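Visitor: Please take me in close on one part of this protein. I would like to see the place where its two domains meet, and then what lies around it.

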Amino acid sequence: MDKLLVHGGSTLSGSINISGSKNASLPILAAALLTDQEVIIERVPDVSDTNYMLQILSALGCEVERYSGTVKIKAAQIHPEAPYDLVRKMRASICVMGPLVARLGRASVSIPGGCVIGDRPIDLHLKGLQAIGAEIDTEGGNILIRAKHGLTGSHVDLRGKHGPTVLGTDNLMMAAVLAKGTTIIESAACEPEVVDLANFLNSMGAKIEGAGSRRITIEGVDELSGTHHTVIPDRIEAGTFMVAGALASPGGITLNRVRQDHLTEATQKLLEAGHDVKFSNDGLSVFVQAGNDPKGCEITTAPHPGFPTDMQAQFTAMFAITPGISVVEDTIFPQRFMHCAELTRMGAHIKVDNGTAKVQGVAQLSAAPVMASDLRASAALVLAGLRARGTTEINRLYHIDRGYEMIDEKLLQLGANVQRVRGSI
Ligand code: EPZ
């Protein structure tokens with residue numbers, strides 16, 4: 001297993017390009033199953049999660065070609081069984097359910113496991129598919145979905161106890177595009193990645209309105225055609241590097257290929273914490289500079305357009321060395337605090353209780369060997385290492401490689417002193 005050595009103390013400068021969005025790419029790749037014609041998707045990041053999805057699509061019978069960030073997929077002859085050994089590796093595989101049952105009238109997908117950030121139920125996904133006529137059974141750890149009489153549009157509310165579901169909204173939207181009649185999704189997720197999927201589907205001939213709002217209307221069509229689409233920038237990667245700039249760049253860094261309208265909450269919080277954030281006129285580049293008098297603040301995560309749960313770990317790392325008290329509450333994944341124990345090993349003063357972390361900033365962190373546990377917690381440890389005294393050794397780097405394309409090369413390009421050590425196994 002690879003590990004990353006982060007030698008603390010370097011100041012960051014210069015600029016990097018942000019990659020295409022992992023979380024937009026995954027459902028869009030799955031949506032290629034909805035047509036027998038070729039789709040071309042650009043700016044798909046080369047990370048293990050997108051590679052898993054491409055392996056799953058190949059296993060379902062798709063012709064898949066990938067050259068640098070461009071992916072070509074043709075789902076001419078496909079079958080409905082998603083392989084257990086691949087699906088169990090990545091929860092987001094669940095979003096092949098909707099397209100498969102829409103295209104083939106049935107699907108068999110293994111029940112996704114939980115993960116360190118929560119038990120990750122799929123009750124809302126199943127509720128949505130059942131609302132448009134799918135019958136659901138479970139057998140041998142697989143979910144079996146059948147639509148013996150086809151799918152018929154319906155009006156369904158997808159709100160769960162923690163609010164809307166992103167992939168649940170995606171699954172239902174992808175199933176509804178080929179259903180008879182009209183489907184209305186209430187309490188839909190509004191994330192930019194949902195909007196990107198809707199735009200992709202509409203470019204294939206779907207009739208979707210309201211994506212980006214809490215109510216999405218899908219008028220079913222008979223078939224979809226191929227298309228050529230470019231994935232939106234990864235707002236979580238961008239936010240992660242914005243925090244890197246606030247933590248370790250007195251002179252400022254520039255991030256290119258971002259979307260200002262996707263970074264509102266992260267920007268607000270960095271400004272509130274005393275840092276400097278300036279976007280280019282076209283909103284496609286952002287300059288972030290460490291403030292001279294940073295201060296702690298409060299964050300409560302919420303479904304988009306609220307503060308993203310995928311950004312709270314990174315901000316917690318920043319608050320660990322920000323003077324004063326900061327409070328971080330995660331209302332979406334109340335258990336998503338694995339990074340705090342590791343940050344504490346580095347000298348942070350953090351108390352986690354009942355879905356909230358209370359952070360007392362310290363003057364200096366000290367390097368330690370730490371364990372990556374999930375994608376964003378791992379990114380938080382890298383950020384903390386940039387400012388720790390000594391060399392922080394981050395083990396189980398595969399967690400980061402799931403969702404950050406060439407993170408070590410990007411950090412080196414910004415002047416960080418990091419080194420990837422290839423593991424033996
Ligand atoms: C997506 O996961 C993202 N993943 C996650 O990013 C992100 O943290 C999450 O949305 C929330 O924004 C991808 O897009 C691939 P949800 P998703 O369904 O869709 C509960 C990362 O770091 N829920 O929106 O699986 C659930 O437990 C990843 O890139 C149900 O109760 O999340 C959670 O509390 C991590 N029943 C809340 O809803 C369901 O059927 C939101 O989950 C589904 C979800």
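Guide: What follows is a walk along the domain interface, then on to the ligand and a few local details.

Keep in mind that this is a predicted model. Start with the division. Domain 1 is made of two stretches, 3-19 and 233-421. Domain 2 covers 22-230. Their C-alpha centres are 30 Å apart.

Now the interface itself. On one side, 28 residues of domain 1 make contact; on the other, 22 residues of domain 2 do. The two domains bury about 2000 Å² between them. Carbon and sulfur atoms account for 51% of that area. In domain 1, the residues that lose the most area to domain 2 are His304, Arg402 and Glu405. Together, these three make up 31% of what the domain 1 side buries.

Next, the polar side of the interface. Two salt bridges link domain 1 and domain 2. Asp49 and Arg402 form a salt bridge through their side chains, with N and O 2.8 Å apart. Arg402 thus appears twice: in this salt bridge and among the domain 1 residues that lose the most area. Across the whole interface, 10 residue pairs are in polar contact, with both partners at pLDDT 80 or more. Which elements of domain 1 give two or more residues to this side? They are helix H12 (375-387) and helix H13 (398-401). By class, the domain 1 side has 11 nonpolar, seven polar and 10 charged residues.

Follow His304 a little further. The peptide bond from His304 to Pro305 is cis, with omega near 15 degrees. Most peptide bonds are trans. Pro305 sits in the loop between strand S17 (298-300) and helix H10 (312-320). His304, then, is both a leading residue in area lost to domain 2 and the start of a cis bond.

Helix H12 (375-387) was named for the interface; now look at Arg376. A polar side-chain atom of Arg376 is 2.8 Å from a ligand oxygen. Arg336 also approaches with its side chain: one of its N or O atoms lies 3.2 Å from an oxygen of the ligand. Ile332 uses its backbone instead, with a polar atom 2.7 Å from a ligand oxygen. In total, 24 residues are around the ligand. Those that come nearest are Asp123, Leu124, Thr165, Asp310 and Ile332.

Two more details are worth a look. The structure holds 18 salt bridges. One of them joins Lys269 and Glu272, with the closest N and O atoms 3.1 Å apart. Both residues lie in helix H9 (residues 264-272), three residues apart, or about one turn of the helix. The other detail is Ser68, in the loop between strand S4 (63-67) and strand S5 (70-74). Its phi is near 45 degrees, a positive value. Most residues other than glycine have a negative phi.

Notes: Residues are numbered from 1 along each chain as its sequence is written. This is a predicted model: local features need pLDDT of at least 70, side-chain atom pairs count only at pLDDT 80 or more; totals for chains, interfaces and linings use all residues. Side-chain values use heavy atoms; hydrogens and water are left out. Domain bounds come from an automatic or database domain assignment. Contact means heavy atoms within 4.5 Å. Buried area is the accessible area (1.4 Å probe) that two parts lose on being put together, summed over both. A salt bridge is a side-chain nitrogen of Lys or Arg within 4 Å of a carboxyl oxygen of Asp or Glu. A polar contact is a pair of N or O atoms within 3.5 Å; within protein, one must be able to donate a hydrogen and the other to accept it, and residues adjacent in sequence count only if both atoms are side-chain atoms. Helices (H or I, at least four residues) and strands (E, at least two) are DSSP runs, numbered from the N terminus. Ala, Val, Leu, Ile, Met, Phe, Trp, Tyr, Cys and Pro count as nonpolar, Asp, Glu, Lys and Arg as charged, and the others, Gly among them, as polar. A residue is near a molecule or strand if one of its heavy atoms lies within 4 Å of it.
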